[in-house]
Amino acid sequence: MQNKKKNRFSKIMRILMTALTSLLIVLILIIILMVSRIQGTARVVNYAGLVRGKTQRIVKLEDARMPQDDMIADVKGYIKGLRFGSEELDLVSLDDKAFQAKMEELDDYFDTLKQEIDLVRQVGYENTNIIEKSEIFFNLCDVATGLAESYSQRIATRLKQFETLTVIDIVILVFMILYELLKALRYAKANRELKSKIYLDEATGLPNKNKCEEILTLEAEQNMAICVFDLNNLRIINNQQGHERGDLYIRSFAKSLRKGVDENQFVGRCGGDEFIVFF
């Protein structure tokens with residue numbers, strides 16, 4: 001029953017580790033995508049501010065009767081890139097309805113502002129509403145930039161949440177891996193102890209019959225000798241003085257035999273009252 005519980009627990013642990021590892025991979029991929037998105041969002045914020053600043057410069061220069069057709073084309077390109085994305089400007093299209101709606105309004109109003117600039121070129125800025133319209137456009141740019149910044153902040157907050165989940169996932173995985181490692185070390189230790197018991201005679205502390213038989217199956221080498229010791233009258237001692245006395249007799253002989261033979265030579269108990277020594 002206990003083994004079944006252990007096996008069930010180990011199975012659950014393996015399933016959890018697999019699930020957490022899969023989740024970690026997914027979280028890392030999401031974070032990579034979100035980092036890429038937030039980098040693109042930062043450029044959107046910069047270009048939204050650039051549209052605002054550059055348009056004000058256009059208005060000032062146009063009022064001074066210095067035509068700025070190239071700058072007007074640049075701003076128009078920036079607005080298009082902010083709306084639909086642009087590989088040339090390395091801009092992404094933000095998946096935000098409020099920002100897209102404001103950019104559409106900004107695009108339409110920029111066309112109105114261009115018409116007012118054309119009028120300035122004809123009659124001078126004093127006879128137009130260029131200042132008022134440029135202020136309206138400036139405020140629209142302010143709102144669009146704020147929406148881009150808000151979107152960027154939401155992505156950053158979401159990114160932080162995914163990073164926290166990733167850290168929690170990693171911490172849990174580390175603890176589970178450490179648990180499995182400690183369990184493996186315990187099993188290894190238990191196996192070593194079990195292996196030691198298989199070849200160890202607990203009564204004498206010498207290698208047991210299994211180890212002796214294993215050595216006896218090895219191919220003989222030159223200059224090898226074997227001595228076999230058989231304790232006589234052990235049954236008489238057991239019958240007359242008890243098995244405890246007999247065991248004491250065996251332990252005493254084993255201790256003397258081990259002490260009397262060089263430590264580099266093999267000494268083992270090959271049965272109840274038999275011992276062997278390899279030289």
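Over how many bridges do β1 and strand β3 pair, and in which sense? In this predicted model, β1 and β3 (residues 274-278) pair over 5 bridges in the antiparallel sense.

## The sheet

That pairing belongs to an open sheet of 3 strands, ordered β1-β3-β2, with antiparallel pairing. The edges are held by β1 (226-230) and β2 (266-269); each has a single partner strand, so one side of each is left without a neighbour in the sheet. On average, neighbouring strands of the sheet are turned by 15 degrees against each other, direction ignored.

For a landmark on the β1 and β3 pair, look at I226, which stands opposite F278 in β3.

## Helices on the sheet

Two helices are worth following here. Helix α5 (residues 209-216) packs on the sheet and touches β1, β2 and β3; its direction makes about 130 degrees with that of β2. Helix α7 (residues 243-260) also lies across β1, β2 and β3, and runs at about 5 degrees to β3.

## The nonpolar cores

Now to the interior. The largest nonpolar core has 36 residues, and V51, L82 and F137 are those with the most contacts inside it. At least two residues of this core come from each of α1 (2-63), α2 (69-84), α3 (97-123) and α4 (130-198). Helix α1 gives the largest share, 10 residues.

V51 makes a good place to zoom in: leaving aside residues up to four places away in sequence, V51 touches V75, Y78, I79, L82, L106, F137 and C141. Apart from this largest core lies another one, of 10 residues, including L206, L231, I250 and F275. In soluble globular proteins, nonpolar side chains tend to be buried together.

Notes. Residues are numbered from 1 along each chain as its sequence is written. This is a predicted model: local features need pLDDT of at least 70, side-chain atom pairs count only at pLDDT 80 or more; totals for chains, interfaces and linings use all residues. Side-chain values use heavy atoms; hydrogens and water are left out. Two strands pair if DSSP finds at least two bridges between them. Helices (H or I, at least four residues) and strands (E, at least two) are DSSP runs, numbered from the N terminus. Axes are lines fitted to C-alpha atoms, for helices over the stretch in contact, and angles run from 0 to 180 degrees between N-to-C directions. Contact means heavy atoms within 4.5 Å. A nonpolar core is a set of buried Ala, Val, Leu, Ile, Met, Phe, Trp, Tyr and Cys residues joined through side-chain atoms within 4.5 Å. Buried means under 20% relative accessible area, exposed over 50%, partly exposed in between (1.4 Å probe, protein chains only).
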